[in-house]
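Work through the exercises below with the model open beside you. Try each task before you read its solution.

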Amino acid sequence: MVNVPKTRKTFCKGKKCRKHREHKVTQYKAGKASKYAQGARRYRHKQKGFGGQTKPVFHKKAKTTKKVTLRLECKTCKRRMQLPIKRTKHFELGAKKQ
(Lines give C-alpha, C1' and ligand atoms only; values in the text may rest on other atoms or scores of the structure.)
Protein backbone atom coordinates (compact mmCIF):
# COMPACT_ATOMS: atom_id res chain seq x y z
CA MET A 1 0.00 0.00 0.00
CA VAL A 2 1.34 3.43 -0.97
CA ASN A 3 0.49 6.48 1.12
CA VAL A 4 1.50 9.86 -0.36
CA PRO A 5 1.27 13.19 1.54
CA LYS A 6 -1.00 15.89 0.09
CA THR A 7 1.88 18.36 -0.16
CA ARG A 8 5.44 17.82 -1.29
CA LYS A 9 8.43 20.14 -1.45
CA THR A 10 10.10 19.63 -4.83
CA PHE A 11 11.80 21.57 -7.64
CA CYS A 12 9.57 23.84 -9.76
CA LYS A 13 10.67 24.50 -13.39
CA GLY A 14 8.43 27.58 -13.74
CA LYS A 15 10.12 30.75 -15.03
CA LYS A 16 9.13 32.63 -11.86
CA CYS A 17 10.30 29.94 -9.42
CA ARG A 18 13.19 27.72 -10.56
CA LYS A 19 13.73 26.49 -6.99
CA HIS A 20 12.30 24.01 -4.50
CA ARG A 21 8.75 25.01 -3.59
CA GLU A 22 5.70 23.47 -1.93
CA HIS A 23 3.50 21.51 -4.39
CA LYS A 24 -0.09 20.31 -4.00
CA VAL A 25 -0.36 16.59 -4.86
CA THR A 26 -3.40 15.02 -6.56
CA GLN A 27 -3.90 11.78 -8.47
CA TYR A 28 -3.97 12.11 -12.27
CA LYS A 29 -7.09 10.81 -13.99
CA ALA A 30 -7.39 10.56 -17.77
CA GLY A 31 -10.10 12.72 -19.31
CA LYS A 32 -12.99 11.51 -21.44
CA ALA A 33 -11.87 10.48 -24.96
CA SER A 34 -12.97 12.86 -27.71
CA LYS A 35 -15.45 11.54 -30.27
CA TYR A 36 -13.84 13.71 -32.93
CA ALA A 37 -10.21 12.60 -32.57
CA GLN A 38 -8.72 11.32 -35.86
CA GLY A 39 -8.40 7.72 -34.65
CA ALA A 40 -11.99 7.58 -33.40
CA ARG A 41 -13.33 9.01 -36.67
CA ARG A 42 -11.27 6.57 -38.74
CA TYR A 43 -12.38 3.59 -36.62
CA ARG A 44 -16.08 4.57 -36.80
CA HIS A 45 -15.92 4.93 -40.58
CA LYS A 46 -14.08 1.61 -40.98
CA GLN A 47 -16.66 -0.23 -38.81
CA LYS A 48 -19.62 0.93 -40.95
CA GLY A 49 -21.40 -1.53 -43.21
CA PHE A 50 -20.94 -5.27 -43.61
CA GLY A 51 -17.84 -7.20 -42.65
CA GLY A 52 -17.89 -7.45 -38.86
CA GLN A 53 -15.04 -6.36 -36.60
CA THR A 54 -12.29 -4.72 -38.69
CA LYS A 55 -9.57 -4.10 -36.11
CA PRO A 56 -8.10 -6.50 -33.52
CA VAL A 57 -9.69 -6.59 -30.06
CA PHE A 58 -7.11 -7.07 -27.29
CA HIS A 59 -7.82 -10.06 -24.99
CA LYS A 60 -4.41 -11.14 -23.56
CA LYS A 61 -4.42 -8.89 -20.48
CA ALA A 62 -1.37 -9.63 -18.32
CA LYS A 63 -1.11 -6.76 -15.84
CA THR A 64 -3.16 -6.69 -12.64
CA THR A 65 -2.24 -3.11 -11.63
CA LYS A 66 -1.78 0.28 -13.26
CA LYS A 67 1.01 2.77 -12.68
CA VAL A 68 -0.10 5.68 -10.49
CA THR A 69 0.59 9.17 -11.83
CA LEU A 70 0.79 12.09 -9.42
CA ARG A 71 -0.17 15.61 -10.54
CA LEU A 72 1.95 18.22 -8.75
CA GLU A 73 0.86 21.87 -8.75
CA CYS A 74 3.24 24.59 -7.52
CA LYS A 75 1.54 26.67 -4.83
CA THR A 76 3.30 29.88 -5.91
CA CYS A 77 3.21 29.91 -9.75
CA LYS A 78 0.47 27.24 -10.31
CA ARG A 79 2.66 25.32 -12.80
CA ARG A 80 1.63 21.66 -13.02
CA MET A 81 3.73 18.59 -13.70
CA GLN A 82 3.09 14.88 -13.74
CA LEU A 83 5.16 12.32 -11.86
CA PRO A 84 4.61 8.60 -12.49
CA ILE A 85 5.31 6.30 -9.54
CA LYS A 86 5.48 2.51 -9.18
CA ARG A 87 2.64 0.05 -9.75
CA THR A 88 0.39 -0.53 -6.77
CA LYS A 89 -2.94 -2.14 -5.96
CA HIS A 90 -3.75 0.23 -3.07
CA PHE A 91 -3.00 3.95 -3.31
CA GLU A 92 -3.89 6.56 -0.68
CA LEU A 93 -3.42 10.31 -0.69
CA GLY A 94 -2.76 11.97 2.67
CA ALA A 95 -4.02 9.16 4.94
CA LYS A 96 -2.99 9.00 8.60
CA LYS A 97 0.01 6.81 9.40
CA GLN A 98 -0.52 3.90 11.80
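The exercises go from the whole chain to single residues. Keep in mind that this is a predicted model.

**Exercise 1. The overall layout**

Task: Find how many helices and strands the protein has, and in which pattern they follow each other along the sequence.

Solution:
- Step 1. Count the elements. There are one helix and six strands.
- Step 2. Read along the sequence. The pattern is β-β-β-α-β-β-β.

**Exercise 2. Spread out or compact?**

Task: Decide whether the protein is more spread out than a compact globule or not, using its radius of gyration.

Solution:
- Step 1. Take the radius of gyration, which is 20 Å.
- Step 2. Take the value of the globule rule for 98 residues, which is 13 Å.
- Step 3. Compare. The radius is well over the rule's value, so the protein is more spread out than a compact globule.
- Step 4. Look at the spans too. Along its principal axes the C-alpha trace covers about 60 × 40 × 15 Å.
- Step 5. Add the burial. Of the 98 residues, 17% count as buried.
- Step 6. Add the surface. The accessible surface is about 8,900 Å², and 53% of that belongs to carbon and sulfur atoms.

**Exercise 3. The largest nonpolar core**

Task: List the residues of the largest nonpolar core. Then find which strand gives the most to this core.

Solution:
- Step 1. List the members. The core has seven residues: Val2, Val4, Val25, Val68, Leu70, Leu72 and Phe91.
- Step 2. Assign strands. β1 (2-4) and β4 (66-74) each supply at least two residues of the core.
- Step 3. Pick the main supplier. β4 gives the most, with three residues.
- Step 4. Follow one member. Leaving aside neighbours within four places in sequence, Val25 has contacts that include Val4, Leu70 and Leu72. Pro5, Lys6, Thr7, Arg8, Arg71 and Leu93 are also among the contacts of Val25.

**Exercise 4. Cysteines**

Task: Work out how many disulfides the model has.

Solution:
- Step 1. Recall the cut-off. A disulfide needs two cysteine sulfur atoms within 2.5 Å.
- Step 2. Test Cys12. The nearest cysteine sulfur is that of Cys77, 3.6 Å away, and Cys12 is in no disulfide.
- Step 3. Test Cys74. Its nearest cysteine sulfur is also that of Cys77, at 3.7 Å, and Cys74 is in no disulfide.
- Step 4. Give the total. The count is zero disulfides.
- Step 5. Check the burial. Cys12 is buried, at 2% relative accessibility. Cys74 is buried as well, with a relative accessible area of 0%.

**Exercise 5. Two residues of one strand**

Task: Place Thr88 and Leu83 in the fold. Is Thr88 buried or exposed? What does Leu83 touch?

Solution:
- Step 1. Place Thr88. Thr88 lies in strand β5 (residues 80-88).
- Step 2. Judge Thr88. At 13% relative accessibility, Thr88 counts as buried.
- Step 3. Trace the links of Thr88. Its side chain reaches the backbone oxygen of His90 at 2.9 Å. Beyond four places in sequence, Thr88 is in contact with Val2, Thr65, Lys66 and Val68.
- Step 4. Place Leu83. Leu83 is in strand β5.
- Step 5. Judge Leu83. Its relative accessible area is 29%, so Leu83 is partly exposed.
- Step 6. List what Leu83 touches. Not counting residues up to four places away in sequence, these are Arg8, Val68, Thr69, Leu70 and Leu72.
- Step 7. Check a distance. The C-alpha atoms of Leu83 and Gly31 are separated by 17 Å. Along the chain, Leu83 and Gly31 are 52 residues apart.

Key:
Residues are numbered from 1 along each chain as its sequence is written. This is a predicted model: local features need pLDDT of at least 70, side-chain atom pairs count only at pLDDT 80 or more; totals for chains, interfaces and linings use all residues. Side-chain values use heavy atoms; hydrogens and water are left out. A nonpolar core is a set of buried Ala, Val, Leu, Ile, Met, Phe, Trp, Tyr and Cys residues joined through side-chain atoms within 4.5 Å. Buried means under 20% relative accessible area, exposed over 50%, partly exposed in between (1.4 Å probe, protein chains only). Helices (H or I, at least four residues) and strands (E, at least two) are DSSP runs, numbered from the N terminus. Contact means heavy atoms within 4.5 Å. The radius of gyration is taken over C-alpha atoms; the globule rule is 2.2 Å times the number of residues to the power 0.38. Accessible areas come from the Shrake-Rupley method with a 1.4 Å probe; for residues, only the protein chains shown count as cover. A polar contact is a pair of N or O atoms within 3.5 Å; within protein, one must be able to donate a hydrogen and the other to accept it, and residues adjacent in sequence count only if both atoms are side-chain atoms.
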